[in-house]
Amino acid sequence: MKLDHRRTILVGLAFLSICSFWQMYDSVIPKLLTETFRLNETISGAIMALDNILALFLLPMFGALSDRTSTRIGRRMPFILLGTACAAVLMNLLPVLDNRYAAAPSTGKLVGFAAVLGLLLVAMGTYRSPAVALMPDVTPNPLRSRANAIINLMGAIGGIIYLAVAAVLYPNAKTAGLAHVNYQPLFLVVSAVMLVSVAVLFLTVKEPKLAAETRALEAQHPEWDLTEDDGSGNEVLPKPVKRSLGFLLASIALWYIGYNGVTTWWSTYVGAVMGQGLGGASTCLLIATAGAVVSYIPIGQLASRIGRKKTILFGCALLAAMFLTFYFLTTLYSTIHPVMFVCFALVGFAWAAINVNSLPMVLEMCRGSDIGKFTGYYYTFSMAAQVVTPVLAGTLMRHISYRVLFPYAALFVGASFVTMCFVRHGDSRAEAKSGLAAFEDMDD
């Protein structure tokens, strides 16, 4: 039995569209909030945290709702189609309202922008879980890890597409000195990428037929069910393992606070501190993303030799060092210096070393029937961190200085290095990933 790579790539188009959107959202929305609407960094940070707050409720709710849905086009496809269509319409209203507010500010336009933004976040939240669930629906159990690797690779490609488009449309030469930048073309391109991706998915992947074939195949192979415990979900972890899990979850929260603080505020930071536009900021993030993508294979090989924990510790140390380096580079230079591109590539490498190995360490500590619950632990701590950090970093930047961003990030990533040192369980060299399989534990 072989994985159908073509089908899996097509299924991954939904995740490609999602990642394109969120990469744009994190890069552009903070600039609109602070530069056009003149909201302070604390309020802007709170708004940027809203998507993660909503995700804590919307993702499990719509995932469960899609489980109980039955239509002619499948369980997941209605959510994917409707969510994408609504998001494409709503997201293109944002630059319209932004341009109108820049031309003639009014409270009504600000309220309208906030209302549309809220509806957009709800629309995106309705179909992320169904889009992710589509892959296991149409992929037999033994092939899902390899399929998930391809799905996450498609997500990375989606982020790269956005960053490349932004770098081309908004180089610093075009935006320098402008009182207001019109981002309507960027939103149109990204919405077109989303619509085309999902349209191709719908036309080529017949969900009901493929899901039925997968269920029939799995029914013929009961040995594929890897659950070995009684399924009660009430197993109690030994105290040493529970202690390791606590330190690991704390580490996850800490490095997400540091990393997401930078990804949320970088575009705004580079404009305020260095006078650079979205194009320059996007080029840096593009290099970081590309650095992560090309690092998965060597990271998998490294983890297979030295273990997951040591690989994560190396990633934490390198990431903290790079954030401190950026503090000095953005202080010394008034424009984006070529050495920054090298540092951003190293940031991508460091983040891959951390992110590829952290979820497997969490799951290594649980039994088969608890995989969903322990995956929930991982996302609860990572999302909670992403709720906190936009507000916390924004408040510090407002009351101290924008230049506090990178020391802030380095501090939290450094703290995650310390907590990781106390993790004694969850390492398994034999199961470390390499090649495409290195993608399988990546999400977002």
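Buried here means under 20% relative accessible area. The model shown in these views is predicted.

**View 1. The whole protein is built from helices, 16 of them, with zero strands.** Of its 444 residues, 54% count as buried. Among contacts with a separation of 6 or more, 85% join residues 24 or more positions apart.

**View 2. Helix 11 covers residues 278-293 and carries a set of buried residues.** The helix has 16 residues. From first C-alpha to last it reaches 22 Å, close to the 22 Å expected at 1.5 Å a residue. Its buried residues are Leu 278, Gly 279, Gly 280, Ala 281, Ser 282, Cys 284, Leu 285, Ala 288, Thr 289, Gly 291 and Ala 292. An α-helix has 3.6 residues a turn, so residues three or four places apart point the same way. Two of the buried residues, Leu 278 and Leu 285, are touched by Ser 27.

**View 3. Ser 27 sits in helix 2.** Ser 27 counts as buried because its relative accessible area is 1%, and the cut-off is under 20%. Leaving out residues up to four places away in sequence, Ser 27 touches Tyr 162, Ser 267, Leu 278 and Leu 285.

**View 4. The loop between helix 2 and helix 3 holds Arg 38.** Arg 38 is not a glycine, yet it has a positive phi of about 60 degrees. Its relative accessible area is 65%, so Arg 38 is exposed. At the start of helix 3, a side-chain oxygen of Asn 40 comes to within 3.0 Å of the backbone nitrogen of Thr 42.

**View 5. Helix 3, residues 41-67, has a kink centred on Ala 55.** The kink is about 40 degrees. What end-to-end span should 27 residues give at 1.5 Å a residue? The expected value is 39 Å, and the end C-alpha atoms of helix 3 are 39 Å apart, which agrees.

**View 6. The second largest pocket has a volume of about 300 Å³.** It is lined by 22 residues, and the closest to its centre are Lys 31, Glu 35, Thr 175, Leu 178 and Val 181. Helix 2 (13-36), helix 7 (172-175) and helix 10 (239-274) are the elements that give two or more residues to the lining. The largest share, four residues, comes from helix 2.

**View 7. His 180 lies in the loop between helix 7 and helix 8 (184-204).** Is His 180 buried, exposed or partly exposed? With a relative accessible area of 27%, His 180 is partly exposed. Its side chain makes a polar contact with the side chain of Asp 98, at 3.2 Å. Beyond its neighbours within four places in sequence, His 180 is in contact with Thr 36, Asp 98, Asn 99 and Ala 102. His 180 and Ala 103 are 77 residues apart in sequence, and their C-alpha atoms are 9.1 Å apart in space.

**View 8. Pro 171 occupies the loop between helix 6 (144-169) and helix 7.** At 25% relative accessibility, Pro 171 counts as partly exposed. Pro 171 and Thr 283 are 112 residues apart in sequence. Their C-alpha atoms are 9.0 Å apart in space.

**View 9. Ile 257 lies in helix 10.** A relative accessible area of 11% makes Ile 257 buried. Leaving aside neighbours within four places in sequence, Ile 257 is in contact with Ala 385, Thr 389, Tyr 408 and Phe 412. Phe 412 is 155 residues from Ile 257 along the chain. The C-alpha atoms of this pair are separated by 6.6 Å.

**View 10. Ser 358 is placed in helix 14 (residues 338-364).** How much relative accessible area does Ser 358 have? The value is 0%, so Ser 358 is buried. Its side chain reaches the backbone oxygen of Asn 355 at 3.4 Å. Not counting residues up to four places away in sequence, Ser 358 touches Leu 248, Trp 255, Ile 312 and Tyr 378.

Note on methods:
Residues numbered from 1 in each chain as written. Predicted model: local features only at pLDDT ≥ 70, side-chain atom pairs only at ≥ 80, totals over all residues. Heavy atoms only, no water. Expected span 1.5 Å × (residues − 1). Bend = angle between axes of the 7 residues up to and from the residue. Polar contact = N/O pair within 3.5 Å; in protein donor to acceptor, adjacent residues only side chain to side chain. Buried < 20%, exposed > 50% of the residue type's maximum accessible area, 1.4 Å probe, protein only. Contact = heavy atoms within 4.5 Å. 1 Å grid on protein atoms, 1.4 Å probe; cavity = no way out; pocket = protein on both sides within 12 Å on 5 of 7 lines; lining within 4 Å. Points joined across faces, edges and corners; volume = space filled by probe spheres on them.
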